[in-house]
Amino acid sequence: MSLYVVFEFSRTVQGAFMERDLDMYVENEGGMKVSTSSLNEELGNVEFILSDKTGTLTKNNMKCCGFSMGGYLFAASAFEQVPAGKAELSDAGYQRHVEEVKALLTQCNNGRECSELEEEYVVNFLRALLLCNSIKPVEQDGHIVLRSESADEEAIVEGALKLGWKLLLRTKDSVVIQEGYPSVSGDAISEATHGVHKFEVLHELPFSSARQRMTVLVRDLWNGKICLYSKGADAKILSLSCDSDVFRRTSHASCKAPFMYTVEGNLDEVEIEREEMLLRIAAFSEKQSQEGYRLLLVGGRYVAADEYASWEKELEKAEKTMKNREESIEAAFARIEQSMSILGATSVEDELQDHIKEDIQFLREGGITVAMATGDKKETALIIARNCGLYTDAMRAFDLTGSKREALLRLENALDFAGYRKHLQRLAYEKKNGGWWSRLRGCCWRRPGPGAGGGGAPAEAKEGLAFAMRHAATVICSRMSPKQKSRVIVLMKSEGLCCLAIGDGANDVPMIRESSVGVGVKGKEGNAAVNNADYIIRRFHHLIKLLFVHGRNNYRGNSYSVYIAFYENITFNIPLFIFSFYNRFSGQTLYSSFQLSTLYCFTCPTFASFGFFFQDLLKETLLSHPEIYKRSGQEKMFSGRRMWSYLLGAFVNALVCAYIPLSIVSKTQTIAGGYPLEMWPMGFCVWTNIIFSIIAMSALMVPKWNWNFVVFFCIALFFFFAVIMAILWVVQDELYDSLPIVIRSPVFYLQAFFTVSVVFIFLFAKTAFTTAFRPELWRPYAEKEYLDAKKKTALAKVKPLDGVEVDA
């Protein structure tokens with residue numbers, strides 16, 4: 001119980017220290033937060049990190065780079081000088097703005113003006129951008145400010161704003177926008193009422209990580225048409241589009257009539273033009289993906305009134321379903337989303353986090369495998385991985401995408417490269433020739449046979465995949481859903497690894513909850529991730545300090561606290577067992593009730609201080625030598641060898657503390673002033689020896705005497721209570737008559753000094769032997785710190801000659 005209380009208190013103090021670390025503080029945002037302090041020591045034992053991309057490896061500061069709307073190119077860089085707030089312009093100013101946008105768009109497309117088909121697609125594309133989002137315009141200081149939890153939506157709408165398209169008002173049932181070119185021409189300003197256009201929102205299905213798209217059905221109040229717009233990941237939109245074959249350059253379009261254009265004239269000519277338009281959108285999408293930009297496709301179509309009426313009944317039925325309601329609603333929307341036309345594509349740039357390359361390399365040198373999981377396509381994921389240093393040209397890549405057969409063949413090549421066969425042979429040899437313990441362990445921890453793994457993959461493939469991921473320099477997972485991210489964590493945890501998941505959005509919650517340690521990045525995508533995380537940081541860079549300094553110190557400090565607590569309890573209880581031979585197993589205790597209840601008052605500060613103040617190396621050393629973290633994990637602070645070593649030391653300590661006072665005091669037969677020897681003075685001598693021996697052992701375990709006041713505090717506290725109790729006789733129990741006599745006896749101090757000296761010599765010899773023949777891996781760095789500090793002190797004492805500088 002004492003261990004549990006002190007341990008939890010130590011963790012709470014450690015959490016307070018982490019929250020007050022100014023190195024993890026961001027101005028105007030705050031510092032890190034600890035939600036679950038019970039995992040502090042796990043931070044020092046992390047072996048695998050699965051990170052989200054957007055908002056974690058990147059800043060989530062989205063910037064619109066351009067559109068390909070109906071094949072008509074919009075380059076955002078060409079519109080930097082265009083004034084955005086056209087709503088306040090007069091008719092003449094508005095007309096001038098429209099003409100300026102038209103001229104710049106024509107210039108972006110090599111002087112080619114927008115055709116009638118392209119104009120229809122461009123108008124619906126820009127309408128989709130303003131209608132299919134979750135942005136709420138808010139008036140602030142006389143200006144309309146956009147408010148949204150999605151940074152890419154804000155960037156896209158701001159890009160449309162450069163073209164003169166503006167979101168004015170959003171309510172539950174309607175959206176009001178202001179349209180620009182090509183919906184409004186320069187000679188039709190008064191008829192268009194400055195392009196203000198109102199739409200009735202019929203139905204809306206927000207974006208979800210599973211669907212990877214958002215869909216909205218609106219009614220155009222100008223002409224009464226029902227329009228469906230959808231915006232999301234390119235793979236999802238293409239799977240619902242009739243233009244997917246043309247987009248992928250595999251065949252001609254499967255739908256012969258464009259759904260966003262009223263056909264006039266020769267249908268074949270229109271189809272040829274539309275295919276060329278789709279090829280331009282595809283070329284834009286491919287180029288932007290290869291350059292690492294975030295890509296979204298926009299699709300849409302007109303919905304006939306009778307089709308909408310039939311579908312609305314189906315949706316109403318799905319909304320009234322009591323079981324699997326959300327799935328039923330999504331299925332209903334998926335049916336009406338079929339056969340959409342591809343209207344265009346958006347390109348958004350996301351800036352990388354500061355120091356991201358250095359941080360990932362630092363983690364890798366610390367023995368941690370860093371993996372990235374993203375919902376983006378493979379090409380985009382590879383570009384981002386290359387930009388942030390996760391993937392380099394020096395690495396040999398193994399692509400496990402494609403069909404199941406191809407993936408398994410490539411996995412076999414990766415396993416051959418990683419030496420998986422030799423690993424299996426070594427395990428088989430150890431199981432066969434490793435003695436009874438290895439055979440017993442092999443029986444108890446037998447892996448499942450073929451087909452036992454579940455999930456559609458044989459168990460051998462899962463084991464091989466986990467082995468490959470564990471020994472890879474980096475792992476890049478693309479097209480990942482939230483559930484798949486969590487499965488990656490489950491797979492690595494099955495290998496016995498301590499896994500850390502870090503993310504900032506709602507789609508990262510499953511992997512954060514499944515991981516050994518969940519870290520949330522406070523960003524722009526809501527509070528879902530941080531509300532489910534164990535630790536909350538502001539930047540990915542703060543993860544370095546959290547793991548390599550706080551995590552390592554907490555791991556080692558808490559380990560020492562556990563060992564000292566066991567050491568103390570064994571040392572305290574073995575004398576009771578020895579004393580039972582003297583009292584013929586009568587049940588008589590050696591300690592008084594006061595001693596039983598106050599022992600931990602004098603010893604708890606020693607092992608609790610390890611959790612509070614443990615620091616064997618300076619933070620500058622830990623942050624400049626990442627291999628120290630790797631070596632700390634290799635030492636395995638919680639191990640059977642270490643535990644048996646401390647148990648053996650506690651047993652020897654207890655024997656010395658019990659037999660020396662029995663031998664010395666029993667021969668004197670008196671304590672002081674002729675008082676006869678009794679059981680309670682003897683118990684007080686043993687109790688005192690135990691306290692001082694535990695304090696001596698703690699003093700030897702201190703890596704640096706930077707908190708040695710704790711030891712002196714425990715000693716002073718003991719003597720203060722002992723003297724006060726002896727003078728005032730405040731102990732109203734078995735020691736009422738004995739304590740003043742024992743305190744005044746020189747025999748008491750003689751046996752205490754001799755006992756503690758013997759224990760100290762034993763512990764010192766054990767520590768010296770361990771340091772000489774089995775040194776801990778951190779000691780060379782501590783010695784270097786000591787020599788550097790000594791050199792700096794010596795140089796500081798040297799008085800430089802005139803004109804000569806001394807470099808300290």
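## Aromatic rings and their neighbours

Let's start with a charge and a ring: the charged end of Lys 225 sits over the ring of Tyr 302, at 4.5 Å from its centre. Keep in mind as you look around that this is a predicted model.

Rings also meet other rings, and the structure holds 15 aromatic pairs. One of them joins Tyr 563 and Tyr 646, and this pair is stacked. Their planes are 10 degrees apart, which is under 30 degrees and therefore counts as stacked. Where do the two tyrosines lie? Tyr 563 belongs to helix α20 (residues 542-582) and Tyr 646 to helix α24 (residues 640-668), so the pair ties together parts that are 83 residues apart in sequence. Both Tyr 563 and Tyr 646 are buried.

A second pair is made by Phe 769 and Phe 773, whose planes stand at 40 degrees, so this one is tilted. Here are the two pairs side by side:

| Pair | Centre to centre | Angle between planes | Type |
|---|---|---|---|
| Tyr 563 and Tyr 646 | 4.7 Å | 10 degrees | stacked |
| Phe 769 and Phe 773 | 4.9 Å | 40 degrees | tilted |

Both phenylalanines of the tilted pair are found in helix α28 (residues 746-773). They are four residues apart there, about one turn of the helix. Is Phe 773 buried or exposed? Phe 773 is exposed, with a relative accessible area of 60%.

Tyr 646 has a further partner to look for: Lys 766 lies over the face of Tyr 646, 5.5 Å from the ring centre. Finally, you can find one aromatic cluster formed by Phe 67, Phe 74 and Phe 125.

Conventions:
Residues are numbered from 1 along each chain as its sequence is written. This is a predicted model: local features need pLDDT of at least 70, side-chain atom pairs count only at pLDDT 80 or more; totals for chains, interfaces and linings use all residues. Side-chain values use heavy atoms; hydrogens and water are left out. Rings of Phe, Tyr and Trp (its six-membered ring) pair if their centres lie within 6.5 Å; planes under 30 degrees apart count as stacked, over 60 as edge-to-face and the rest as tilted. Buried means under 20% relative accessible area, exposed over 50%, partly exposed in between (1.4 Å probe, protein chains only). A charge sits over a ring if NZ of Lys or CZ of Arg is within 6 Å of the ring centre and within 35 degrees of the ring normal.
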